[in-house]
Amino acid sequence: MAYFLKRFAHMIFVLWAVATILFFMFRTMPGTPLAAFLDNTTTLEQQEALIRQFGLDKSLGEQYWLFLTNLMQGDLGQSFFFKKPVVEVVMEVFPNSVILTLSSLIVAYIFGIVAGAYLAWRRGSWVEGVGIPLVLTTRAAPEFWLGMVLLAYFSFHLGWFPSGGANSSGSNWDSNWQRVTSLDYLSHLALPAITLAIYLQGLPLLLMRSNMLNVLQEEFITMAQMKGLSTWTIVMRHAARNALLPVATAFALGIGGAVGGNVVVETVFSWPGIGRLLVNAVAASDYPLAQGAFLMITAVLVVMNFIADVTYHLLDPRVRVATR
């Protein structure tokens, strides 16, 4: 229990530190955050009223204390651009980022686990000689370049998939669940999810291969071979099961990292997610919205890190012994 409390306290400290950095960072940015409200017809009295409305007339210390107080109550402020609560704006697009992240991660990790186990079994063969450089190439390829290649070929050339967005113009749905399970939504999801999956599959594949090479040296694998078990049974039922723990914890970390790293993919495909929202908020000097988006990404990353740490602690007895 002491270990869990310590990790939880560490998580809270990280969230506070990030929130503090974001607060001061956005207030040192050039330009006025009220640019979305001001035009040639705005009078000086109206400008002063807006400054008072958003608390910008208070000292920096007072603004910081008000920011922390509101944050503990779940209030991230009012968006300058959308003119509505930040929480409401963020939660409108957050499910799209979660769906994109989970779908791409599931595809990437299923492929990575199976391919990594197979490459470990075929170590030293031509399959490994071709597979490893190919994996490293896809891992090193810029996401925006990979996305544009898929977009140019499968969308503009073949016309198989839409070129951007999450739904076709004019489409109406009775519920959000009906929207995200429709063929229209899935067709828009396909290309960004494939792009992200191709980029993400390198980590689980290489990690699984490395773990498998160690497991394949164990005595129980030699015993399984002596029993005459099939290759598939030895690799997937015996060796792979014992090599999965680090990959499983990497999956939890990958959720947090991918949510924060979807900015490029969401921008290329005009996917209405939290990464694209963050880019637009920074461009519009909407720092309440930018702070809220950053904090949401950080919260997901820190929470998933905490879950991965706790899971590893529970599943691996060696870690429990080492932390006593």
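Helix H5 crosses helix H9 in a left-handed way. That's a good place to start with this predicted model, whose chain has 15 helices and 0 strands. H5 covers residues 126-140 and H9 covers residues 202-215. Let's begin with that pair and then work outward.

**H5 against H9**

- The two helices pack at an angle of about 145°, and their axes are 9 Å apart.
- On the H5 side, the contact is made by Glu 128, Ile 132, Val 135, Leu 136 and Arg 139.
- H9 answers with Gly 202, Leu 205, Leu 206 and Arg 209.
- Sort those residues by class and you get 5 nonpolar, 1 polar and 3 charged.

**H4 against H9**

- H9 has another partner to look at: H4 passes H9 too, and this crossing is right-handed.
- Here the angle is about 35°, with the axes 7 Å apart.
- H4 brings a string of residues to the contact, including Ala 108, Tyr 109, Phe 111, Gly 112 and Ala 115.
- From H9 come Leu 203, Pro 204, Leu 205, Met 208, Arg 209, Met 212 and Leu 213.
- What classes do the residues of the contact of H4 with H9 divide into? They come out as 14 nonpolar, 2 polar and 1 charged.
- Leu 205 and Arg 209 are worth finding on your screen, as both take part in the contact with H4 and in the contact with H5.

**The nonpolar cores**

- The largest nonpolar core holds 49 residues.
- Which of its residues touch the most other members? That would be Ile 274 and Leu 289.
- Helix H4, running over residues 86-121, gives the most to this core, with 11 residues.
- There's also a second, separate core of 6 residues, and Ala 115, Val 127, Ile 132 and Leu 205 are among them.
- You've met some of these names already: Ile 132 and Leu 205 sit in the contact of H5 with H9, while Ala 115 is one of the H4 residues in the contact with H9.

**The chain as a whole**

- Out of the 324 residues in the chain, 41% are buried.
- Take the contacts in the chain with a separation of 6 or more: 75% of them are between residues 24 or more positions apart.

**Two buried residues to look up**

- Thr 195 has its place in helix H8, which spans residues 183-200.
- Is Thr 195 buried or exposed? Its relative accessible area is 1%, so Thr 195 is buried, given that the cut-off for buried is under 20%.
- Leaving aside neighbours within four places in sequence, Thr 195 is in contact with Glu 143, Leu 146, Gly 147, Leu 150, Val 265 and Phe 269.
- Thr 195 and Leu 150 are 45 residues apart along the chain, yet their C-alpha atoms are separated by 7.6 Å.
- Ile 255 belongs to helix H11, residues 231-260.
- With 14% relative accessibility, Ile 255 counts as buried.
- Not counting residues up to four places away in sequence, Ile 255 touches Thr 101, Leu 102, Leu 105 and Met 304.
- Ile 255 and Val 300 are 45 residues apart along the chain, with 8.0 Å between their C-alpha atoms.

**Two loop residues**

- Phe 82 is in the loop between helix H3 (60-72) and H4.
- Phe 82 has a relative accessible area of 39%, so this residue is partly exposed.
- Beyond its neighbours within four places in sequence, Phe 82 is in contact with Val 89, Leu 277, Asp 286 and Leu 289.
- Leu 289 should ring a bell from the largest nonpolar core.
- Phe 82 and Ala 281 are 199 residues apart in sequence, but 9.8 Å apart in space, C-alpha to C-alpha.
- Ser 270 lies in the loop between helix H12 (263-268) and helix H13 (274-283).
- Ser 270 has phi near 50°, which is a positive value in a residue other than glycine.
- At 31% relative accessibility, Ser 270 is partly exposed.

**The salt bridge**

- How many salt bridges does a search of the whole structure find? It finds 1.
- The side chains of Lys 84 and Glu 92 meet in a salt bridge, at 3.0 Å from N to O.
- Lys 84 is partly exposed, at 23% relative accessibility.
- Glu 92 is partly exposed as well, with a relative accessible area of 44%.

Definitions and conventions:
Residues numbered from 1 in each chain as written. Predicted model: local features only at pLDDT ≥ 70, side-chain atom pairs only at ≥ 80, totals over all residues. Heavy atoms only, no water. Salt bridge = Lys/Arg side-chain N within 4 Å of Asp/Glu carboxyl O. Buried < 20%, exposed > 50% of the residue type's maximum accessible area, 1.4 Å probe, protein only. Axes fitted to C-alpha atoms, helices over the stretch in contact; angles between N-to-C directions. Helix = DSSP H or I, 4+ residues; strand = E, 2+ residues; numbered from the N terminus. Left-handed = near helix turned anticlockwise from the far one by under 90°. Contact = heavy atoms within 4.5 Å. Nonpolar A, V, L, I, M, F, W, Y, C, P; charged D, E, K, R; others polar. Core = buried A, V, L, I, M, F, W, Y, C linked by side-chain atoms within 4.5 Å.
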